[in-house]
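What follows is a report on one protein chain, written to be read beside its sequence and coordinates. It begins with a single residue and then widens to the strands around it.

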Amino acid sequence: MKKLAVAGLALVASFSVLTVSPAEASLASRDLITFWEHDDYQGARKDITCSTHQRDDLGALENQASSMANASYSGIDLYSGDNLTGVRYYAKPRSNDSDFTNNGFDNTVESLWFREVPCDVA
Ligand SMILES: [Ca+2]
Ligand SMILES: [Ca+2]
Ligand SMILES: [Ca+2]
């Protein structure tokens, strides 16, 4: 029974990859940025909305994020340290990045600043 459920999940997962990528799915939301634990939008996922300009709550992805999709219409400043400190990475509106490594920003984001709130309107 359990094995059957796992096989079903794998089928759903592979089918969704064929239709729309995780980044594309996230870009449909418009009021948030999504981080993934690994490159290419893989592993654990965390959505962070622009309910306030500053967000510090990456949870389990603190210092772990390796790819992102900014679905919002706001530019977002990502910071390597808490409270908007450290090295900054600028995520353009409606953009995604499958790998932070070439930006010197892998596994380090801890806080972020939405430049526009609300962020879901152009
Ligand atoms: Ca990572
Ligand atoms: Ca990159
Ligand atoms: Ca960090």
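In this predicted model, I48 is classed as buried because 20 other C-beta atoms lie within 10 Å of its own, and 20 or more is the cut-off for that class. The residue belongs to strand β2, which covers residues 42-49. Once its neighbours within four places in sequence are left aside, I48 is in contact with L32, I33, R55 and L112. For one of these partners a separation can be given: the C-alpha atoms of I48 and I33 are 5.4 Å apart, although the two residues are separated by 15 positions along the chain.

**The chain as a whole**

The protein contains 2 helices and 8 strands, and along the sequence these elements follow the pattern α-α-β-β-β-β-β-β-β-β. Of the 122 residues in the protein, 28% are buried. When contacts between residues at least 6 apart in sequence are considered, 68% of them join residues that are at least 24 apart.

**The sheet that contains I48**

Strand β2 takes part in an open sheet of 4 strands, arranged in the order β2-β1-β4-β7 with antiparallel pairing. The edges of this sheet are formed by β2 and by β7 (95-97), each of which pairs on one side only. On average, and with direction ignored, neighbouring strands of the sheet are turned by 15 degrees against each other.

Within this sheet, strand β1 (residues 32-38) is joined to β2 by 6 bridges in the antiparallel sense, and the bridge partner of H38 in β2 is Q42. The two strands β1 and β2 form a hairpin with 3 residues between them, and D40, which lies in the turn, has a positive phi of about 60 degrees. Towards the other edge, strand β4 (residues 67-70) and β7 run antiparallel and share 3 bridges, with A69 bridged to N96 in β7.

**The other sheet**

A further 4 strands form an open sheet in the order β3-β8-β5-β6, and here too the pairing is antiparallel. Its edge strands are β3 (54-55) and β6 (88-91), each pairing on one side only. Strand β5 (residues 76-79) pairs with strand β8 (residues 111-114) through 4 antiparallel bridges, and 4 bridges likewise join β5 to β6, again in the antiparallel sense. In regular strands, side chains alternate between the two faces of the sheet.

The residues of β5 that stand opposite residues in β8 or β6 include the following.

| Residue in β5 | Opposite residue | Strand of the opposite residue |
|---|---|---|
| D77 | Y90 | β6 |
| L78 | L112 | β8 |
| Y79 | S111 | β8 |

The contacts of I48 can now be placed against this arrangement. L112, which stands opposite L78, is one of the residues in contact with I48, and R55, another of those contacts, falls within the range of edge strand β3 (54-55). L32 and I33, also in contact with I48, fall within strand β1 (residues 32-38).

**Confidence in the model**

The average pLDDT over the protein is 87, and 84% of the residues score at least 70. Residues 10-18 call for separate treatment, since pLDDT stays under 50 throughout this stretch and the model has 0 contacts for it beyond four places in sequence.

Notes: Residues numbered from 1 in each chain as written. Chains lettered and ligands numbered in written order. Predicted model: local features only at pLDDT ≥ 70, side-chain atom pairs only at ≥ 80, totals over all residues. Buried ≥ 20, exposed ≤ 12 C-beta atoms within 10 Å, placed from the backbone. Contact = placed C-beta atoms within 7 Å. Pairing = 2+ DSSP bridges. pLDDT = per-residue confidence, 0-100. Axes fitted to C-alpha atoms, helices over the stretch in contact; angles between N-to-C directions.
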